[in-house]
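This report goes through the model shown below. It takes up the contact between the chains, the strands, one chain as a whole and a few backbone details.

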Amino acid sequence: MRYAMAIDTKRCVGCSDCVVACQTENKVPIGFCRDWIVETTTGTYPQLQMEIRSERCNHCTDAPCVRACPTKASHYGAGGIVTVDHEECIGCKACIASCPYDARYVHPEGYVDKCTFCIHRVEQGEHPACVAVCPTHAMTFGDMDDRMSDIFKLVSRRKWKTLIPEAGTRPNIYYLI
Amino acid sequence: MVEELITSGRLTPEVDPILHIWGWEIPLYLFLGGFAAGILFFSALFTLQNKENRYPMAVKILPFAVPVLLAIGLGALFLDLSHKFYFWQLYTNIRWESPMSWGAWTLLLVTPLSIVWAASWLEEAFPKFDLRYNWLKEILSDLKPYRKHMAWALIILAVILGMYTGILLSAFNARPFWNSAIMGPLFLTSGLSTAAASVTLLTRNQEERSDFTKIDLLLIAIELFFIIHMFMGFLASTQVHVQAAELFLGGKFTVPFWVWVVGIGLTIPAILEILELRKHHVPIFVSAVLVIAGSVMLRFIVVEAGQASRWLY
């Protein structure tokens, strides 16, 4: 099993619903975020192209944060997701330094926190909060090892990219382009 | 020309707009750890070569500073942790892939050993010091036959302690400026140079001073070579590494690095040391103090610059 997410940049309108849903679901303290919106404008006027992405931890298959962690607090959980055990985290911040996506932050309670793919919801058979609320159905979550899953079919059919593949992290978030 | 404008909705403290998770605590520790490693290395090396009477300051006296330096450094590390009272988790896990983990274990071995090592020299280093208790004196004299064994262990541990801090930074591929294999050897050389300079500063033995001046001169030359080599590596690498090097070649770290570290911290002390070896009258403390100050600056600038360098996408 390999949990992954496909995010359709052609459908995303950058409404930030996913950000708000995540903050509510996971009680993310004010001023912090586990997911966020990025807008890029490429080209030279008048030939401009815009892309909107909802970004979060990429739950990398080769996660540098898991390598950097001195205590096994950052580890691969069920379905290959990268999670932080709060009771084992000493707050050394090596994982934050090691993440090329800057997806982690120090929670005011001291431990390092990040996206969990809402594993507590997934275990109950629900979608992650961001996926569940997306008004344009831009996000698809599922198991990439299951050839019958929606995400596998979508990623097989569409053109996609991952963020900074050259960093060697093998991300599990696919941006459909 | 194609340009890309990125607007991010994220403004996480300590991460945006540039990473600033590590303040003064980490570079201070990197300096103190390197300094302590340098002192232990010379002390152990010259003990193995039976040169303790030729180099009394380096072998017998300076090791007394090591437990103090390490204690301050460990205090700084502790202050940096944001989930402090879970720090013991470092010692319930061994993670070979994490340089921070083997650094923590090295410190656990080297700190007590450095105390025992210094104690074994107490009688020779400070003959007037009265221990008062006879049982303590007996323990200390029992330690002496094991000095060579301790020296072998210390030489290995000192190299690991001096290098791992640089390897720790170089292992972060997310921060292009740290991501250079030169970082480990550079920090080790800088730590050894700091220790050699402090010997020349404190010793009253003319022979020891001139020998350590020569050692320091060689170490400064190696450091300059590493620095040039590091920038050659960056400039021959990917776009993000070129951009990281540009922080130092016209960017905001240009003056602090080339003037304070390379100029005042390495080149000027090297010139002063050459003059001194040629029997010109140069105040000895100037070059030593500059080397030590340069070594502090190096750690602060490297830690700061690594956090300012990043992948852009």
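The text below starts with the interface and ends with the backbone geometry.

**Contact between the chains**

The model is predicted. Chain B puts 38 residues into the contact, and chain A puts in 42 residues. On the side of chain B that touches chain A, β1 (3-8) and α4 (99-120) of chain B each supply at least two residues. The largest share of that side is the six residues from β1(B). Sorted by class, the side of chain B that touches chain A holds 20 nonpolar, 11 polar and seven charged residues.

**The sheet shared by both chains**

Strand β1(B) also pairs with a strand of the other chain: six bridges join it to β2 (residues 35-44) of chain A, and the two run antiparallel. Two of the partnerships can be named. A:T40 has B:I6 as its bridge partner in β1(B), and A:T42 stands opposite B:E4 in that strand.

What is the order of the strands in this open sheet? The order is β3(A)-β2(A)-β1(B), three strands with antiparallel pairing. The edge strands are β3 (47-56) of chain A and β1 of chain B, each of which pairs on one side only. From one strand to the next, the twist averages 20 degrees. Helix α1 (residues 17-25) of chain A packs on this sheet and touches β2 and β3 of chain A. The direction of this helix makes about 160 degrees with that of β2(A).

**Strand β10 of chain A**

A second set of pairings involves strand β10 (residues 173-176) of chain A. Strand β1 (residues 3-8) of chain A pairs with β10(A) in the parallel sense over four bridges. Within this pairing, A:I173 in β10(A) is the bridge partner of A:M5. Strand β9 (residues 160-161) of chain A runs antiparallel to β10(A), and two bridges join them. Here A:W160 stands opposite A:L176 of β10(A).

The residues of β10(A) alternate in direction: A:I173 and A:Y175 point one way, while A:Y174 and A:L176 point the other way. Are these four residues buried or exposed? All are buried.

**A:V112 and its surroundings**

A:V112 lies in strand β7 (residues 112-113) of chain A. A:V112 counts as buried because it has 26 C-beta neighbours inside 10 Å, where 20 or more are required. Leaving out residues up to four places away in sequence, A:V112 touches A:V84, A:C89, A:G91, A:K93, A:C95, A:I96, A:R104, A:V106 and A:H107. A:C65 is 47 residues from A:V112 in sequence, and the C-alpha to C-alpha distance between the two is 11 Å.

**Chain B as a whole**

Chain B has 12 helices and one strand. Read from the N terminus, its elements run β-α-α-α-α-α-α-α-α-α-α-α-α. The radius of gyration of chain B is 21 Å, close to the 20 Å that the globule rule gives for 313 residues, so chain B is as compact as a globular protein of that length. The C-alpha trace of chain B spans about 75 × 55 × 25 Å along its principal axes. Of its 313 residues, 46% count as buried. Among contacts in chain B with a separation of 6 or more, 73% come from residues 24 or more positions apart.

**Backbone details**

Two cis peptide bonds and two positive phi angles are listed here.

| Site | Feature | Value |
|---|---|---|
| A:Y45 to A:P46 | cis peptide bond | omega near 5 degrees |
| B:D16 and B:P17 | cis peptide bond | omega about -10 degrees |
| A:K72 | positive phi, not a glycine | about 70 degrees |
| B:N50 | positive phi, not a glycine | about 55 degrees |

These sites are in loops. A:P46 is in the loop between β2 and β3 of chain A, and B:P17 is in the loop between β1 and α1 (25-48) of chain B. A:K72 belongs to the loop between α2 (64-68) and β4 (74-76) of chain A. B:N50 belongs to the loop between α1 and α2 (56-61) of chain B.

Burial is given for the two residues with positive phi. A:K72 is partly exposed, with 17 other C-beta atoms within 10 Å. B:N50 counts as exposed, because it has 10 C-beta neighbours inside 10 Å, and 12 or fewer make a residue exposed.

How values were computed: Residues numbered from 1 in each chain as written. Chains lettered and ligands numbered in written order. Predicted model: local features only at pLDDT ≥ 70, side-chain atom pairs only at ≥ 80, totals over all residues. Contact = placed C-beta atoms within 7 Å. Nonpolar A, V, L, I, M, F, W, Y, C, P; charged D, E, K, R; others polar. Pairing = 2+ DSSP bridges. Axes fitted to C-alpha atoms, helices over the stretch in contact; angles between N-to-C directions. Rg over C-alpha atoms; globule rule 2.2 N^0.38 Å.
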